[in-house]
Amino acid sequence: MKAAIVGVAEHGNSAELVTVVVEGGEATLLDRRRVDLTENLPTHPYHHEGAWALGRYRDSEWSRDVSLAEAIELVEEVTAAAAEGAASVFETLASELSVRIERVAIRACAELPDSIEARMRDNRAQSMADSIMYRQALAEAVTALGWMVVWYDKKAVTEDAAAALGRDDLDPVLKAMGKTAGPPWQARHKLAAAAALAAAASSAS
């Protein structure tokens, strides 16, 4: 039975999902969609509210007063909403495809401090914590549905995808997919497609 592979390219609280089937080194595009994981909530609670709570950007016009407790509570709220949104996104996608989903490729996450407050206080961590929060929500939803999570390296994924298809150049494949999908077919769509193709050769979860 055919199995679909979903590639994810996230940006803030939204993501591009590109779903493919790979058979005999040939890739077929099944679906391309943009999804939002949260609605009516701040999208970067670590980078914005968390930073404001610690006094960063105090002189910026867009900064506002937020207590540390309020910022932590907001992160918890957005995290829970993202988890619900991710579950709904994949359940909807699965219901609308004619083939089963086997695996989902998500950009690999750097390690962060354990607590919300520690992530806010660490300049490096707070700059990437929001993105990682959404990726982890997606991964947890995938695992809950019994599918495989494949973590990809953004810098290496195009080369990995070409190798998975036994090709030296992935561009012709991505261009063909773009014609099938129609506009827009931008860098983030190509990234998601490459991630899905690379995951076809992966057995790691």
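In the predicted model, Ile-72 touches Ile-116, Glu-117 and Met-120 when residues up to four places away in sequence are not counted. Ile-72 itself is placed in helix H2, which covers residues 68–96. A further relation in space links Ile-72 with Gly-50: the two are 22 residues apart in sequence, and their C-alpha atoms are 7.3 Å apart.

Helix H2 also contributes to an aromatic pair. The count of such pairs comes to one. The partners are Phe-90 and Trp-147, whose ring centres are 5.9 Å apart and whose planes stand at 85°; since planes over 60 degrees apart count as edge-to-face, the pair is of that kind. Phe-90 lies in helix H2, while Trp-147 lies in the loop between helix H4 (123–144) and strand S5 (148–152), so the pair ties together parts that are 57 residues apart in sequence. Both Phe-90 and Trp-147 are buried.

At the start of the chain, Lys-2 is found in the segment before strand S1 (3–11). The relative accessible area of Lys-2 is 45%, and this residue is therefore partly exposed, a class that lies between the limits of 20% and 50%. With neighbours within four places in sequence left aside, Lys-2 is in contact with Val-21, Glu-23, Val-99 and Arg-100. Of these contacts, Arg-100 is 98 residues away from Lys-2 in sequence, yet the C-alpha atoms of Lys-2 and Arg-100 are 7.2 Å apart in space.

Notes
Residues are numbered from 1 along each chain as its sequence is written. This is a predicted model: local features need pLDDT of at least 70, side-chain atom pairs count only at pLDDT 80 or more; totals for chains, interfaces and linings use all residues. Side-chain values use heavy atoms; hydrogens and water are left out. Helices (H or I, at least four residues) and strands (E, at least two) are DSSP runs, numbered from the N terminus. Buried means under 20% relative accessible area, exposed over 50%, partly exposed in between (1.4 Å probe, protein chains only). Contact means heavy atoms within 4.5 Å. Rings of Phe, Tyr and Trp (its six-membered ring) pair if their centres lie within 6.5 Å; planes under 30 degrees apart count as stacked, over 60 as edge-to-face and the rest as tilted.
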